[in-house]
Amino acid sequence: MFGFGRRRRERELADARADAQRWHERLGGQVINLPPGDEPATKQALVDAGERYNAAGSQLEQATSVAQFLGARETALEGLAYVRAARIAMQLDPGPPLPMLAGQREAGAIRQDREVEVQGHNYRASANGDSSTPYYYPGGRVSGRPVPAGWYSEPWWRTALTAGAWGIGSVLVFDALLSPAFGDYGGYGQGYDAGFAAGDQQGYDQGYDQGQQQGDGQGDQGNYDQGGGYDQGGGYDQGGGYDGGGFDGGGGFDGGGMDF
C-alpha cells in the first residue's frame with residue numbers, strides 16, 4: 001500500500017515536470033524565432049517574454065515538488081501570453097489558445113482606451129499596444145488586486161509584484177484607471193482600501209474575507225484544481241479549466257470576468 005502511494009507521487013511529480021518543461025521549451029522556441037519588429041510595444045512584450053523564459057528555467061532547475069513545477073509552468077505560460085500579445089500586435093497568427101493563467105478570468109481585459117491623470121502624471125490603458133502603451137500585462141491578481149489584461153503606458157503594477165504589496169502611488173493609479181469598471185468587488189475592494197488607508201491589517205483581512213464570501217467568486221479563483229491542476233494521466237488537460245476561446249483576436253481575454 002505504501003509502495004503504491006509512493007509510485008503515484010513519483011508519477012505525479014514526473015507528469016508535472018514534463019508538463020512544465022514542455023511549456024518552457026515552447027516559450028523558448030517562440031522567443032528565439034519571433035522577430036521583435038520595430039514597434040516599442042512588440043519589442044517590450046518579447047523582452048518580458050524572455051524574462052519569463054529565464055525565470056521559468058531557473059524554477060525548473062530548483063523544483064523538487066509538484067507545486068514548484070506548477071509554478072514554473074505558470075511562469076512559462078505568462079511568457080507565452082506576452083508572445084501571443086506581440087503576435088497579435090504584429091497582425092500575425094497568434095497560434096492555438098493557451099491554458100488560463102491564475103486569476104485571468106476574474107481580472108478580465110481592457111476593451112477600450114482609458115487615460116487618467118494621477119499626481120500630475122498621465123497614465124493610459126488600451127486593448128492595443130503602440131508607442132503610447134508599450135507595456136503588456138496578461139491579466140491576473142497582483143497582491144490581491146485584479147489587474148486586467150491589456151497594454152499600459154507604464155508598468156505601474158510591477159512595484160506590487162516585486163515588493164509583494166501595493167505602494168500608495170500604485171493604488172492611486174489602480175483606483176483611477178480601473179476602479180470605476182471594477183465597482184466594489186462585491187465588498188472586497190472597500191475593505192481592502194479602508195484597511196490599506198488606515199494601515200489596519202485587521203480591516204484588510206475583514207474586507208478580504210467578506211469579499212471572498214459575498215463577492216461573485218466567478219472564474220478561476222485558485223491557481224489550479226484540488227487535484228493538482230493537471231491531468232493525472234500525464235500533462236495538462238487542454239479540455240479542462242480553459243474557456244474555449246482563450247484570448248480573442250483583439251488581444252483581450254475572451255471569457256468570464258470583467259471587460260473594460
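This is a short tour of a predicted model, given as a series of selections.

**Whole chain.** Start with the cartoon view. The protein has eight helices and six strands. Followed along the sequence, the elements run α-α-α-α-β-β-β-β-β-β-α-α-α-α. Colour by accessibility next: of the 260 residues in the protein, 45% are buried.

**Arginines in the N-terminal region.** Select Arg6, Arg7, Arg9 and Arg11, which form a positive surface patch. Arginine 9 belongs to helix H1, which spans residues 2-33. Its relative accessibility is 55%, so arginine 9 counts as exposed.

**From H1 to H3.** Stay on H1 and select aspartate 19 together with arginine 73. Their side chains form a salt bridge, 2.9 Å from N to O. Aspartate 19 sits in helix H1 and arginine 73 in helix H3, so this pair ties together parts that lie 54 residues apart in sequence. Are these two residues buried or exposed? Both aspartate 19 and arginine 73 are buried. Add Arg22 to the selection: Asp19, Arg22 and Arg73 are linked in a network of salt bridges.

**The nonpolar core.** Now select Tyr137, Val147, Tyr152, Trp156, Trp166, Leu177 and Leu178. Within the largest nonpolar core, which has 40 residues, these touch the most other members. Elements giving two or more residues to this core include H1, helix H2 (40-62), strand E1 (114-118) and helix H6 (168-182). Which element gives the most? H3 does, with eight residues.

**Alanine 85.** Remain on helix H3, where alanine 85 is located. At 6% relative accessibility, alanine 85 counts as buried. Display tryptophan 151 as well: the two residues are 66 apart in sequence, and their C-alpha atoms are 9.2 Å apart in space.

**Two further salt bridges.** Select glutamate 106 and arginine 141, which form a salt bridge with the closest N and O atoms 2.5 Å apart. Glutamate 106 is in helix H4 (residues 104-107) and arginine 141 in strand E4 (residues 140-142), so named parts of the chain 35 residues apart are linked. Glutamate 106, at 16% relative accessibility, counts as buried, whereas arginine 141, at 29%, counts as partly exposed.

Then select arginine 124 and aspartate 113, whose side chains meet in a salt bridge at 3.7 Å, N to O. Arginine 124 is in strand E2 and aspartate 113 in the loop between H4 and E1, 11 residues apart. Arginine 124 counts as partly exposed, at 23% relative accessibility.

To finish, display every salt bridge: the count comes to nine.

Methods. Residues numbered from 1 in each chain as written. Predicted model: local features only at pLDDT ≥ 70, side-chain atom pairs only at ≥ 80, totals over all residues. Heavy atoms only, no water. Patch = residues over 30% accessible without salt bridge, like charges linked within 9 Å, V, L, I, M, F, W, Y side chains within 5 Å. Areas by Shrake-Rupley, 256 points an atom, 1.4 Å probe, with all protein chains shown as cover. Salt bridge = Lys/Arg side-chain N within 4 Å of Asp/Glu carboxyl O. Lys, Arg positive; Asp, Glu negative; His and termini not counted. Charge placed at Lys NZ, Arg CZ, Asp CG, Glu CD. Helix = DSSP H or I, 4+ residues; strand = E, 2+ residues; numbered from the N terminus. Buried < 20%, exposed > 50% of the residue type's maximum accessible area, 1.4 Å probe, protein only. Core = buried A, V, L, I, M, F, W, Y, C linked by side-chain atoms within 4.5 Å.
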